[in-house]
Amino acid sequence: MQVWVRMVLVLYTTWPFAACAGQQSALDPQGFQSEQIRYTLFIFLAVAAIVWAAVVIVLGLGMLRRKRSIDQPLDLHQPFEERTGRVILGLGIATTVIVLGLSFVSYAGQRTVFAKDENALTLKIIGHQWWWEVRYEADSPHQSFVTANEIRIPTGKPVKLELESADVIHSFWVPSLTGKMDLITGQKNELQFTAKNVGVYRGQCAEFCGLQHAHMAFAVIALPPDEFGRWRDHENQSASSPADPLGKRGQALFQARGCALCHNISGTLAGGQLGPDLTHIGSRTTIAAGTLPNTPGTLGAWIADPQHIKPGNLMPKMPLQSDELIAILHYLEQLK
Ligand code: HEC
Ligand SMILES: [Cu+2]
């Protein structure tokens with residue numbers, strides 16, 4: 001078989017299933033809200049399919065039973081006119097009932113999806129070109145901390161997100177958990193969802209927001225509640241101070257080479273707010289908004305030349321000697 005024929009066949013047979021399951025799929029719901037959305041979708045799909053099939057069947061019958069052309073097409077045939085009138089009236093009523101019914105289904109679905117729970121865990125998400133700031137805010141400042149591009153939540157507990165933007169309009173979308181919501185400057189939008197199962201769910205910006213829009217992903221990591229509590233307690237702590245000489249040098253260079261102007265590392269002098277918080281960067285799974293897995297190699301490559309990896313992003317290429325790069329990398333790796 002020709003190669004291209006085989007490729008087309010493979011694509012054709014696997015493509016319909018590729019989107020149905022996995023980390024990022026509205027058809028494989030892992031939250032109460034996404035379940036409701038899929039349910040609404042299937043009702044719409046079923047009703048639309050039935051209407052479509054009925055129209056095609058009637059059209060086919062009409063074509064099969066077509067009569068010869070009439071000599072006087074403008075002549076009125078009383079019984080025929082009456083029958084046509086009744087059919088049109090019936091179809092008009094059916095259409096109205098279907099549209100009203102679907103409106104009700106959609107309204108009921110929205111009530112579930114947008115239901116508010118007062119006891120929800122509240123997080124603030126701020127969209128930036130092209131990364132996500134995630135703020136866990138508690139009543140006491142000692143319980144509040146900031147992270148980026150990774151949202152850890154407990155399973156079974158409602159989570160409320162307050163969505164804002166620092167620059168342009170972004171859109172928050174984790175298909176496995178719930179529907180989309182825009183992030184707009186000067187406005188606070190809310191989105192609530194509950195993850196049913198432990199897992200990692202991928203999300204991404206769903207509103208074109210500039211050059212690196214396609215590299216503006218994030219992960220929602222749903223943990224068992226006790227594990228979430230432990231993570232939260234750990235995340236609350238300031239960054240650990242490096243004990244070894246190379247780490248100490250890295251920390252000093254982080255200040256001296258300007259990184260601290262844009263990045264915050266709690267418990268140190270670094271307090272920049274322009275870029276992601278790096279207090280616990282060593283324990284995050286990805287860097288640069290889901291663009292690369294977080295490994296020593298990718299982290300080093302990012303610090304050496306972020307513009308090569310994500311052209312146009314707002315972290316400039318910093319002039320560093322290779323020994324300085326190694327020291328800074330060693331320091332950041334320790335920030336678990
Ligand atoms: C002008 C501000 C600025 C400076 C200076 C800067 N950064 Fe960044 N940095 C950013 C921004 C903005 C991002 C987010 C880029 C993106 O994902 O689009 C970032 C991302 C990062 C990340 C990835 C974080 C994550 O969670 O994805 C690391 C690590 C990092 N910077 C380290 C450094 C180091 C080390 C230096 C100094 C050599 C430095 N940065 C200097 C603005 C800056
Ligand atoms: Cu965006």
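**View 1. Helix H3 and the second largest pocket.** H3 makes the largest contribution to the lining of the second largest pocket in this predicted model, with five residues. Two elements give two or more residues to that lining: helix H2 (32-64) and helix H3 (78-113). If you want to pick the wall out by hand, the lining residues are Val58, Leu61, Gly62, Arg65, Lys67, Phe80, Arg83, Thr84, Val87 and Leu91. Sorted by class, that gives five nonpolar, two polar and three charged residues. The space comes to about 530 Å³.

**View 2. The largest pocket, with ligand 1 in place.** How big is the largest pocket? Its volume is about 650 Å³. There are 35 lining residues, and His263, Gly275, Pro276, Trp302 and Met315 are the closest to the centre. This is also the space taken by ligand 1. Four elements, namely H6, strand E11 (286-287), H7 and helix H9 (322-334), each put at least two residues into the lining. H7 gives the most, three residues. As for chemistry, the lining splits into 23 nonpolar, nine polar and three charged residues.

**View 3. Two domains around one pocket.** Why does the largest pocket lie between domain 1 and domain 2? Domain 1 (22-64 + 77-236) and domain 2 (245-334) both give residues to its lining, so the pocket lies between them. The ligand tells a matching story: both domains also give residues to the shell around ligand 1, so ligand 1 lies between them too.

**View 4. The shell around ligand 1.** Zooming in on the ligand, the shell holds 28 residues, and Cys259, Cys262, His263, Ala288 and Met315 come nearest. By class, 21 of the shell residues are nonpolar, five are polar and two are charged. Which element supplies the largest share of this shell? That is H7, with three residues.

**View 5. Polar contacts of ligand 1.** Here are some side chains to check when looking at the ligand's nitrogen and oxygen atoms. Histidine 263 has a side-chain N or O atom 2.8 Å from a nitrogen atom of ligand 1. Lysine 310 has a side-chain N or O atom 2.8 Å from an oxygen atom of the ligand. For tryptophan 302, the distance from a side-chain N or O atom to a nitrogen atom of ligand 1 is 3.4 Å. Helix H6 (259-262) and helix H7 (296-304) are the elements that give two or more residues to the shell around the ligand.

**View 6. A closed-off cavity.** How many cavities of 30 Å³ or more does the structure hold? There is one. About 40 Å³ of space lies inside the largest cavity. Its lining is made up of Thr147, Glu150, Arg152, Trp231, Glu235, Ser283 and Arg284. Strand E4 (150-154) and helix H4 (225-236) are the elements that give two or more residues to it. What classes do these lining residues fall into? One is nonpolar, two are polar and four are charged.

**View 7. Two backbone spots to look at.** Most residues other than glycine have a negative phi, and most peptide bonds are trans. Against that background, a cis peptide bond joins glutamine 129 and tryptophan 130, with omega at about 0°. Where is tryptophan 130 found? Tryptophan 130 is in the loop between strand E1 (121-128) and strand E2 (131-136). The other spot is asparagine 149, which has a positive phi of about 60° although it is not a glycine. Asparagine 149 also has its place in a loop, this time between strand E3 (145-148) and E4.

Note on methods:
Residues are numbered from 1 along each chain as its sequence is written. Chains are lettered from A and ligands numbered from 1 in the order in which they are written. This is a predicted model: local features need pLDDT of at least 70, side-chain atom pairs count only at pLDDT 80 or more; totals for chains, interfaces and linings use all residues. Side-chain values use heavy atoms; hydrogens and water are left out. A residue is near a molecule or strand if one of its heavy atoms lies within 4 Å of it. A polar contact is a pair of N or O atoms within 3.5 Å; within protein, one must be able to donate a hydrogen and the other to accept it, and residues adjacent in sequence count only if both atoms are side-chain atoms. On a 1 Å grid over the protein atoms alone, a cavity is a set of points where a 1.4 Å probe fits but cannot get out, and a pocket is an open set with protein on both sides within 12 Å along at least five of seven lines; lining residues have an atom within 4 Å of a point. A molecule sits in a cavity or pocket if more than half of its atoms lie within 2 Å of its grid points. Ala, Val, Leu, Ile, Met, Phe, Trp, Tyr, Cys and Pro count as nonpolar, Asp, Glu, Lys and Arg as charged, and the others, Gly among them, as polar. Domain bounds come from an automatic or database domain assignment. Grid points are joined across faces, edges and corners, and a volume is the space filled by probe spheres set on the points.
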